[in-house]
Amino acid sequence: MKKNGMNLQAKISFDDTEQAFIYKSNAQLKKTYRLFQLMNQSWLVKVGTRLTLLAVNWKLPINGLLRSTIFEQFVGGETLEQTTVIVNDLKKYGISLILDYGAEGKESEKDFEEAKNEFIRVINHASSLDNINFISIKLTALARFSLLEKLNQFSARSSAGFSIDTKQLNSEEGQEWANVVRRVEEICELAVEKKVGILIDAEESWIQNTIDALTMQVMERYNKKKAVIYNTIQLYRHDRLEFLKFSHQFALKNKFILGAKIVRGAYMEKERKRANALNDSSPIQRDKSASDQDFNAAISYSIQHIDTISVIIASHNEYSAQFAVRLLDEANLAVNHPHIHFSQLYGMSDNITFNLAKIGCNVSKYLPYGPIEDVIPYLMRRAQENSSVAGQTSRELFLIEKEIKRRGI
């Protein structure tokens, strides 16, 4: 395996808990263990998420409890400045950060402008630090959900390109959409200037066509020389591997670099519930093995076309990470090739992140921040994801327990 142009015969082990938790004190490790013990109880997660949402709606004083538990585990702080401690701490171990201002589901033009201004502030902040290479944005922080949903059926892709038929909007909606495009372009233009990557998150399938079309339009404009804008492709959808390949062929035809963040996905239960309610076909894969198969196929396709695809492998799946490293090795590519990046969520899968960093891979933690009330939707997805993915929390618990025993604490 190559590292910085030199052969490196390294065996990566995701069972190395000393490396995985090197940054945690004994007290922090024990606290994390207690939290994951609670999250391992699926019934408790279901009840807890419902009660949390009710408490927020009723404006009950639960912020202190959230701040000292799930918020502390998965979020970098309530302000951009508060993330600095984590940024500096992880830098010591060769780990970069993807900053995410946790705004989504906003509804007013004032909120959208405030979110845009915050994203601009994050880009300027990231450009001043050498281990923040990307920021993440959600289009629902910059646009009204129902507007994205209305445009979804009028967003299309063909050999001619990605299009959005705005003639279907009334004059007020048309101006609203023009404002959305302006905000996205302002963010992208500054990102190019400051050399900070923009990862546009995937969201629900019933607004994803709109997100895809706008993302690919700005990618075609700004990714001519290097990948700055990335679309997020959720492989738990059965049509997304084909979409990745289509997007790449379109990028080749139009001479720009495809930026792709590949994930399994975070809306599975919501998607299935909606499809059942509408008596519609579900966009979700038939089972987890089909999702895994497409995810690994997406890794393979991206590495095969590494010169024209810049890929971020955002996964907590140990096999997928090892698979990618093996493919790089077999292709005689450096593990720190500029078009390959690995990422895991802050607070999860440290065994993958820290052990990839140890062998020299480009690897980051996805670090959200924002007021507690703004990041609650994100936190609820993390809790549900950990309880719904078979074995995820149990694996975390096993590794933490192993490290506690190794330390003798």
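What volume does the second largest pocket have? The legends below take up this pocket after an overview of the predicted model.

**Figure 1. Overview of the predicted model.** The protein contains 17 helices and 12 strands. Of its 409 residues, 55% are buried. Among contacts with a separation of 6 or more, 78% join residues 24 or more positions apart. The accessible surface amounts to about 18000 Å², and carbon and sulfur atoms account for 52% of that surface.

**Figure 2. Close-up of the second largest pocket, with a volume of about 570 Å³.** The lining of this pocket is made of 25 residues, and those closest to its centre are Lys24, Gln28, Glu72, Gln73 and Tyr346. Four helices each give at least two residues to the lining: H2, H4 (63-68), H5 (70-74) and H6 (84-91). H2 provides the largest share, with six residues. Sorted by class, the lining holds nine nonpolar, nine polar and seven charged residues.

**Figure 3. Close-up of the second largest cavity, with a volume of about 40 Å³.** Rolling a probe the size of a water molecule over the atoms reveals where space is left empty. In this structure, two cavities reach 30 Å³ or more. The residues lining the second largest cavity include Phe21, Lys24, Thr32, Phe36 and Gln73. Further along the sequence, the lining also takes in Gly347, Met348, Ser349 and Asp350, together with Glu396 and Ile400. Helix H2 (26-39) and helix H17 (392-407) each contribute at least two of the lining residues. By class, the lining comprises four nonpolar, four polar and three charged residues. Lys24 and Gln73 are part of this lining, and both are also among the residues closest to the centre of the second largest pocket.

**Figure 4. Close-up of helix H11, residues 240-253.** The helix has 14 residues, which at 1.5 Å a residue should span 20 Å; the C-alpha atoms at its ends lie 20 Å apart, so the expected span and the model agree. Which residues of H11 are buried? They are Arg240, Leu241, Phe243, Leu244, Ser247, His248, Phe250 and Ala251. An α-helix makes one turn every 3.6 residues, so residues three or four places apart point the same way. After H11 comes Lys255, which has a positive phi, near 60°.

Notes: Residues numbered from 1 in each chain as written. Predicted model: local features only at pLDDT ≥ 70, side-chain atom pairs only at ≥ 80, totals over all residues. Heavy atoms only, no water. 1 Å grid on protein atoms, 1.4 Å probe; cavity = no way out; pocket = protein on both sides within 12 Å on 5 of 7 lines; lining within 4 Å. Points joined across faces, edges and corners; volume = space filled by probe spheres on them. Nonpolar A, V, L, I, M, F, W, Y, C, P; charged D, E, K, R; others polar. Buried < 20%, exposed > 50% of the residue type's maximum accessible area, 1.4 Å probe, protein only. Contact = heavy atoms within 4.5 Å. Areas by Shrake-Rupley, 256 points an atom, 1.4 Å probe, with all protein chains shown as cover. Expected span 1.5 Å × (residues − 1).
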